[in-house]
Amino acid sequence: MNMMMEAYSRNLDVANGHVDLSHGAGGRAMGQLIEGIFHKAFDNIWLRAGNDQSAFTVPGGRMVMSTDGYVVSPLFFPGGNIGSLAVHGTINDIAMAAARPLYLSASFIIEEGFPLADLERIAESMGVASRGAGVPIITGDTKVVERGKADGVFISTSGVGVVPDGLDLRADAARPGDAVILSGSIGDHGIAVMSKRENLEFDAAVVSDSAALHGLVTAMVEAGGRQIRLMRDPTRGGIAATLNEIASQSKVGFHIDEEAIPVKPEVAAACELLGVDPLNVANEGKLVAVAAPEGAKAILAAMRAHPLGREAAVVGHVVADDDCFVQMATSFGGGRIVDWLSGEQLPRIC
């Protein structure tokens, strides 16, 4: 890599420089940007090979692939930024199939004039997140668009993983009597982004829960294996959208208990102030699992033994319901229907 860097005649002024159209034109400046920021941050043997693609060994078993785009605003928020979010989000999409994530790709659309220092900060957070998760970024792409054609930087990440033998998690697999398990407190990410966007200050800081969940999923699979019917990460639309989606796909209903759903006091207070329902607020480090009743206890115990599942709780169960309603027993002793989010409550949250 050092030999490649010496081939560029102009130094990359990360501290004071900005992205310009030449950084996406395929010439020397583009090579300098890729080597000086992305390869430096993501460094691994695949990128060092310098190819337009990466070859890797495929283990036996069923493969899964996922892709997602990230347009969060603001780019930097309490607990993370668009870069770490892009890594965690795609890893989690793969993990929800009970798969072991193997490799990621990353594609950047950058607006002319974007500060190089911010781009380096984002890339470094992606490097830290991917190395921490053990899932390297092995290929990517960079495009630069004119001023006003983007909002700083957009990132797309794709990933592949492998599913352990004997597991086949499907969206239509929930059955009456199954337990609904939530891995922890809800609403942290959406409120963290909103607080930064609106310059809101709370007595206690609300920090995004953005995290890679594949380690937690591995512990769940070891404890419950085939007793896990399906898993979802409740991102946009929160757990309300997630449960309604599963209900529709599995042709069942849900009964959930508001008292059993963990919500941090500061998040609950912020939701009340903003007039939003925490059930509709995005999460980036939580999962919902539907499990056969005979396996729920062991799965819950495994989740609580993992750092990302200490607050895990059984929050309800699956019921037979031709209308596919999600019904909630409220903390006031009543009940209500938990419906899909209507409209866009918190836009550009991921």
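## Aromatic cluster and pairs

Phe38, Phe42 and Phe108 make up one aromatic cluster. The model that shows this cluster is predicted. Aromatic pairs number four by the ring-centre rule. In one of them, the ring centres of Phe56 and Tyr103 lie 4.5 Å apart and the planes meet at 40°, so this pair is tilted. The tilted class applies because 40° falls between the limits of 30 degrees for stacked and 60 for edge-to-face.

The Phe56–Tyr103 pair connects distant parts of the chain, with the two positions 47 residues apart. Phe56 sits in the loop between helix 3 (45-48) and strand 1 (62-70). Tyr103 belongs to strand 4 (residues 100-111). Their accessibility classes can be stated too. Phe56 is partly exposed, at a relative accessible area of 31%. Tyr103 is buried, at 15%.

## Helix 2 against helix 5

Helix 2 spans residues 28-42, and helix 5 spans residues 116-133. Their axes come within 7 Å and cross at roughly 30°. The two helices are therefore roughly parallel to each other, because angles under 35 degrees count as such.

Which residues of helix 2 meet helix 5? They are Leu33, Ile37, Phe38, Lys40, Ala41 and Phe42. On the helix 5 side, the partners are Leu116, Leu119, Glu120, Ala123, Glu124, Met126, Gly127 and Arg131. By class, the residues of this contact split into nine nonpolar, one polar and four charged. Phe38 and Phe42 thus appear in the helix contact and also in the aromatic cluster with Phe108.

## Thr142 in strand 5

Thr142 lies in strand 5 (residues 137-145). Its relative accessibility is 4%, so Thr142 counts as buried. Setting aside neighbours within four places in sequence, Thr142 is in contact with His23, Met30, Leu33, Ile34, Phe38, Phe108 and Ile110.

Several names recur here. Leu33 and Phe38 are among the helix 2 residues that meet helix 5. Phe38 and Phe108 are members of the aromatic cluster.

## Helix 6 and its cover

Helix 6 covers residues 188-197. Eight of its ten residues are buried, so helix 6 is largely enclosed by the rest of the structure. The buried residues are Asp188, His189, Gly190, Ile191, Ala192, Val193, Met194 and Ser195. What covers them? Strand 2, helix 4 and helix 9 are included in the cover of the buried residues of helix 6. After helix 6 comes Asn199, with a positive phi near 55°.

## Cys271 in helix 9

Helix 9 (residues 265-274) holds Cys271. At 2% relative accessibility, Cys271 is buried. Beyond residues up to four places away in sequence, Cys271 touches Ile191, Val276, Pro278 and Val281. Ile191 is one of the buried residues of helix 6.

How far apart in space are Cys271 and Val281, C-alpha to C-alpha? The distance is 8.8 Å, for a separation of ten residues in sequence.

## Strand 8 and strand 10

Strand 8 (residues 228-232) has four of its five residues buried, so strand 8 is largely enclosed by the rest of the structure. Strand 10 (residues 288-291) runs antiparallel to strand 8, and four bridges join the two. Within this pairing, Arg232 stands opposite Val288 of strand 10.

## Backbone features in loops

A cis peptide bond runs from Ser73 to Pro74, with omega near 0°. Pro74 is placed in the loop between strand 1 and strand 2 (76-77).

Positive phi values also turn up in loops. Ala98 has phi near 65°, positive in a residue other than glycine. Ala98 lies in the loop between helix 4 (82-95) and strand 4. With 5% relative accessibility, Ala98 is buried. Cys324 is not a glycine either, yet its phi is positive at about 60°. The loop that holds Cys324 lies between strand 11 (313-319) and strand 12 (326-329). Cys324 counts as buried, at 17% relative accessibility.

Methods
Residues numbered from 1 in each chain as written. Predicted model: local features only at pLDDT ≥ 70, side-chain atom pairs only at ≥ 80, totals over all residues. Heavy atoms only, no water. Axes fitted to C-alpha atoms, helices over the stretch in contact; angles between N-to-C directions. Parallel < 35°, antiparallel > 145°, perpendicular 65-115°, else oblique. Contact = heavy atoms within 4.5 Å. Nonpolar A, V, L, I, M, F, W, Y, C, P; charged D, E, K, R; others polar. Buried < 20%, exposed > 50% of the residue type's maximum accessible area, 1.4 Å probe, protein only. Phe/Tyr/Trp six-rings, centres within 6.5 Å; stacked < 30°, edge-to-face > 60°. Pairing = 2+ DSSP bridges.
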